[in-house]
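Work through these exercises with the model open beside you. Try each task before reading its solution.

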Amino acid sequence: MFHRVLLCYDGTREGRNALRQGADVVLCMRAEVYLLAISRNLVSTAIPEGVTPELCEQEDERADALLQEGIAWLRERGAVLHPIELQPDGIDTEVLARALSAGSIRPKLAHIIPNFQNPAGYTLSLAKRHALLALAARHGFLVFEDDPYVALRFSGESLPTMLSIDPERVVYASSFSKTVCPGIRVGYLVGPPDVIAAIARIATNTYISPNMVAQSIVYEFCASGAIERSIETVRTALAKRALTLAQALRRELPEAEFVQPEGGYFMWVTLPPGTDVARLFDAAAELGVAFVKGTDFLLDGGENTLRLAYSGVTPEQIEDGVARLAAAYRSL
Ligand SMILES: Cc1ncc(COP(=O)(O)O)c(C=O)c1O
């Protein structure tokens with residue numbers, strides 16, 4: 001396989017042909033509804049996260065703003081950001097509707113992480129998926145559905161993608177970094193043909209071609225069926241880790257407020273008002289515990305919040321880490 005890939009350079013500048021078919025296969029198994037949309041309008045990308053600036057770049061020609069779910073992923077990319085509050089069932093569509101009607105914002109793109117959002121772990125409800133798409137249609141903006149965690153649900157019911165509800169209004173991205181292996185950085189993008197063509201142009205001008213060796217590994221992983229076993233392994237491990245984290249927090253740090261995630265990697269924790277997360281960060285580091293401060297994600301506020309990632313640690317490490325985090329909190 002490597003011989004063929006390396007010597008024959010099997011692929012186009014938008015990605016390895018076999019992977020493009022491979023992505024079809026994976027998506028078809030997960031949701032037939034993608035089939036029609038994907039066969040014509042797919043670009044495989046080595047770096048899904050690089051897609052967002054590409055979308056911005058393409059939108060910036062026509063646009064003045066980008067809408068986000070209260071987080072600041074793109075603040076260093078020069079986009080004008082309008083953070084909208086994130087609730088446990090997703091972006092606050094009522095606040096958004098009022099801001100749009102009042103004309104105080106005129107977004108061209110909404111960056112939405114619908115399932116097990118990074119950093120909050122929250123999932124956009126079905127009602128809000130419809131509400132957001134209705135707003136997008138009425139006010140003329142695109143939704144960038146950034147969905148790398150979709151396969152990692154360990155409880156509750158799967159919800160339809162916004163892409164499946166309104167394929168004309170949505171550019172959908174997902175990644176194999178959470179299901180094949182971290183750092184593989186192969187993903188795919190589905191959307192209206194004109195938007196995808198514009199992104200493919202910018203992408204190929206930026207990185208010439210994606211990493212086809214990584215794409216070939218992913219392709220073989222999907223075609224052999226190993227991906228299904230891998231997803232099961234990952235989901236089972238994550239379910240146990242999320243449960244252990246929730247139980248340990250309730251026991252060791254009852255002041256912590258959180259919503260127990262139904263999938264994904266992350267849990268958002270709110271501590272009592274007045275807690276200084278920067279001091280907690282230093283105190284926890286002294287005890288060998290790392291987390292990301294809520295303030296690192298938000299344009300404003302979040303001084304009493306933090307993101308805990310339970311994805312890369314064992315249940316035993318989680319128990320130990322939470323006990324140390326609680327000791328750090330009590331030392332403030
Ligand atoms: C919402 C979201 N999109 C994209 C990515 C990046 O995915 P990849 O590793 O495939 O570039 C991440 C983080 O890992 C993420 O949380």
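**Exercise 1. Determine how α11 crosses α12, and which residues make the contact.**

Solution. This is a predicted model. Start with the handedness: the crossing of α11 past α12 is right-handed. Next, list the residues that touch. Helix α11 contributes L280, A283 and A284, and α12 contributes R324, L325, A328 and Y329. Now sort them by class. Six are nonpolar, one is charged and none is polar.

**Exercise 2. Classify the packing of α11 against α12 from its angle.**

Solution. First locate the helices: α11 covers residues 277–286 and α12 covers residues 315–330. Their axes lie 8 Å apart, at an angle of about 125°. Roughly perpendicular ends at 115 degrees, and roughly antiparallel needs an angle over 145. The angle of about 125° therefore makes α11 oblique to α12.

**Exercise 3. Do the same for α10 and α12: what is the angle, and which residues meet?**

Solution. The two helices pack at about 25°, with axes 9 Å apart. Angles under 35 degrees count as roughly parallel. So α10 is roughly parallel to α12. The crossing of this pair is right-handed.

Then read off the contact. On the α10 side are K240, R241, T244, L245, A248, L249 and E252. On the α12 side are P315, I318, E319, V322, A323 and A326. By class, the contact holds eight nonpolar, four charged and one polar residues.

**Exercise 4. Compare the span of α10 with its expected value, and list its buried residues.**

Solution. Helix α10 runs over residues 226–252, which is 27 residues. From first C-alpha to last, α10 reaches 38 Å. The expected value at 1.5 Å a residue is 39 Å, so the span is close to it. The buried residues of α10 are I227, L238, R241, A242, L245, A248 and L249. Cross-check with the previous exercise: R241, L245, A248 and L249 are among the α10 residues that meet α12.

**Exercise 5. Place A136: is this residue buried or exposed, and what does A136 contact?**

Solution. A136 sits in helix α6, residues 126–139. Count the neighbours: 23 other C-beta atoms lie within 10 Å of A136. The cut-off for buried is 20 or more, so A136 is buried. Setting aside neighbours within four places in sequence, A136 contacts A110, F141, L142, V143 and R169. Take A110 from that list: it is 26 residues from A136 along the chain, and the two C-alpha atoms are 8.5 Å apart.

**Exercise 6. Find the unusual backbone of F116 and the cis peptide bond of P119 in the loop between β6 and α6.**

Solution. Begin with F116, which lies in the loop between β6 and α6. F116 has a positive phi of about 50°, although F116 is not a glycine. F116 counts as buried because 26 C-beta neighbours fall inside 10 Å. Now go to P119, which is in the loop between β6 (109–112) and α6. The peptide bond joining N118 and P119 is cis, with omega about 20°.

**Exercise 7. Summarize the whole chain: how many helices and strands, and what share is buried?**

Solution. The protein chain has 12 helices and 12 strands. Of its 332 residues, 43% count as buried. Finish with the contacts between residues at least 6 apart in sequence: 72% of them join residues at least 24 apart.

Terms used
Residues are numbered from 1 along each chain as its sequence is written. This is a predicted model: local features need pLDDT of at least 70, side-chain atom pairs count only at pLDDT 80 or more; totals for chains, interfaces and linings use all residues. Helices (H or I, at least four residues) and strands (E, at least two) are DSSP runs, numbered from the N terminus. A residue is buried if 20 or more other C-beta atoms lie within 10 Å of its own, exposed if 12 or fewer, and partly exposed in between; C-beta atoms are placed from the backbone. Two residues are in contact if their C-beta atoms, placed from the backbone, lie within 7 Å. Axes are lines fitted to C-alpha atoms, for helices over the stretch in contact, and angles run from 0 to 180 degrees between N-to-C directions. Angles under 35 degrees count as roughly parallel, over 145 as roughly antiparallel, 65 to 115 as roughly perpendicular and the rest as oblique. A crossing is left-handed if the near helix is turned anticlockwise from the far one by less than a right angle, and right-handed if clockwise. Ala, Val, Leu, Ile, Met, Phe, Trp, Tyr, Cys and Pro count as nonpolar, Asp, Glu, Lys and Arg as charged, and the others, Gly among them, as polar.
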